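Subject: Structure for you to look at

Hi,

Here is the structure I said I would pass on. Have a look at it first, and then read on for what turned up.

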Amino acid sequence: MSYVGRSEAERKRMLETLGITSFEELLRDLPPGIVEKGPLAVPGPLSELEIRAHVGEIASRNDAARGAIGFLGGGMYDHYIPSALPRLVFRSEFLTCYTPYQPEVAQGTLSVIFEFQSMIAELTGLDVANASLYDGGSAVAEACLLARAHTGRPRVVIAGGLNPNYAQVVRTIAGADHVVVLPAVNGRADADRVARELNGDTAALVLAYPNFFGIVDDALPALCQRAHDAGALAIVCAEPLSLAQLTPPGEWGADVCVGEGQPLGVPISFGGPAVGFFACKKELVRRMPGRLAGQTVDDKGRRGFVLTLQTREQHIRREKATSNICTNQGLLALCATVYLALLGKEGMRQVADLCFQKTHYAAQRAKEEAGLSLAYEAPYFREFVLELPVPAAQVCHFGHERGVLVGVDLGRFDAAWSRHLLVAVTEKRTKAEIDRWARVMAEAVRAQGRVPEVAAR
């Protein structure tokens, strides 16, 4: 594709083909005020140095999150990324690679995929993992499609506590008429309601571990068993860092474990891109979406890697394809692979423990400094929900003006949660930062009526 502009003769021929005499005629039906008719107020001519300074000044007017202390969560998390990671990931051998259809020229890429799969399988406690998916939400949806194909049933039950964004993705992809999203009760799945919803049409029960509110629900193993008793698959959407501390879902009954891999060395990057992971029992591997890299030997007995399974419609007959996913998030899966390799088992445990300890310290400081209490009394890992005396949107606005992103206003997801604030504390947050957050929370609560009204966003 040429990026050189069109010549005058080419532009004239294009206009003649359209039956008009000038480019302006293409704009004649636009409403008034849309088209700028006068010359733009562009300074210049400027030197390169002056242009850089000018553009830099304009960019500095943006509200940069890096200058604020962040306690945001709800799906994307501000974890530390070791400096060695980008040095390895951004090597040209990885940046220039493409889908490894030809194993003889893609051994590096295939070996990375194999390592990623192996690590995810170990983290989740399941037999096999794929090369990755787009993000956590699409991974949940693909797991539901797998369950439908495996059971021959249409219905999906989502227990309370799944990320609302993920639930919406499932409703969009799997069809809202066949998806039942149950409300959480006291921040957890309602076991009795789940039991009533499981029936002979149910293909899957979807559980979150920890859930959207940061809660680790000890009822999940029993709920998995109830799903199996009803002939349905148990799908667990798990947070990968927590699995360094918690019992892997595969060890307590999950048939499929999916989730968002962004906490594993992937930068927030304004909310994306992200990387989904997908692991399952070996009996389900033929219905697993995407691709699977495997280890083999060549005709000389040397170790090598190939694409063992490809179940997308580009590779096999469409009626036998399990997914129309076109690619895996190779570069971001590479980030996760390097992150896991750099930290190792002990490093992962240390990060998870820091998140756990600092989160509980923050909850205690919120109680001491601002008199705030948890909305749900339950074990939690890296996030917790505070119940506020004022709308959470006001507190978020108050903190933002003081350089502290205090948390996520849950009123954005449900009006009933308008006074609930979701707070995430990663290993990056220092004691001084947490103490400052607590003081800002206390100031916001004391201000109450003097905090300006803002609409939930």
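How many cavities of 30 Å³ or more does the structure hold? There are four. Bear in mind that this is a predicted model, so everything below is computed from that prediction.

Let's start with the largest cavity, which has about 260 Å³ of space in it. It is lined by 21 residues, and those closest to its centre are Tyr-77, Tyr-166, Pro-210, Glu-239 and Arg-382. If you want to find the place by its secondary structure, go to strand 5, strand 6 and strand 7 (256-260): these are the elements that each give two or more residues to the lining. As for the chemistry, the lining of the largest cavity counts eleven nonpolar, six polar and four charged residues.

The second largest cavity holds about 50 Å³ of space. Around it you will find Phe-213, Ile-215, Leu-374, Tyr-376, Tyr-380, Glu-383, Phe-384 and Val-385. Strand 12 (residues 383-387) supplies the largest share of that lining, with three residues. Here the classes come out as seven nonpolar residues, one charged and no polar ones.

Next, helix 9, which runs over residues 220-229. Which of its residues are buried? They are Leu-220, Leu-223, Cys-224 and Ala-227. Looking down the axis of helix 9, you would see these buried residues fall within an arc of 105°, so they line one face of the helix. The spacing fits a general rule: an α-helix has 3.6 residues a turn, so residues three or four places apart point the same way.

What do the buried residues of helix 9 pack against? Their partners are helix 8 (191-197), strand 5 (202-209) and strand 6 (233-238). Strand 5 and strand 6 are worth a second look, as both also give residues to the lining of the largest cavity. After helix 9 comes Gly-231, with a positive phi near 80°.

One last residue to click on is Thr-124, in helix 5 (residues 107-124). Is Thr-124 buried or exposed? Its relative accessible area is 1%, so Thr-124 is buried. Setting aside neighbours within four places in sequence, Thr-124 is in contact with Leu-243, Pro-248, Pro-249, Gly-250, Cys-257, Phe-277 and Ala-279.

Happy to talk it through once you have had a look.

Cheers

Note on methods: Residues numbered from 1 in each chain as written. Predicted model: local features only at pLDDT ≥ 70, side-chain atom pairs only at ≥ 80, totals over all residues. Heavy atoms only, no water. Buried < 20%, exposed > 50% of the residue type's maximum accessible area, 1.4 Å probe, protein only. Helix = DSSP H or I, 4+ residues; strand = E, 2+ residues; numbered from the N terminus. Arc of directions from axis to C-beta. Contact = heavy atoms within 4.5 Å. 1 Å grid on protein atoms, 1.4 Å probe; cavity = no way out; pocket = protein on both sides within 12 Å on 5 of 7 lines; lining within 4 Å. Points joined across faces, edges and corners; volume = space filled by probe spheres on them. Nonpolar A, V, L, I, M, F, W, Y, C, P; charged D, E, K, R; others polar.
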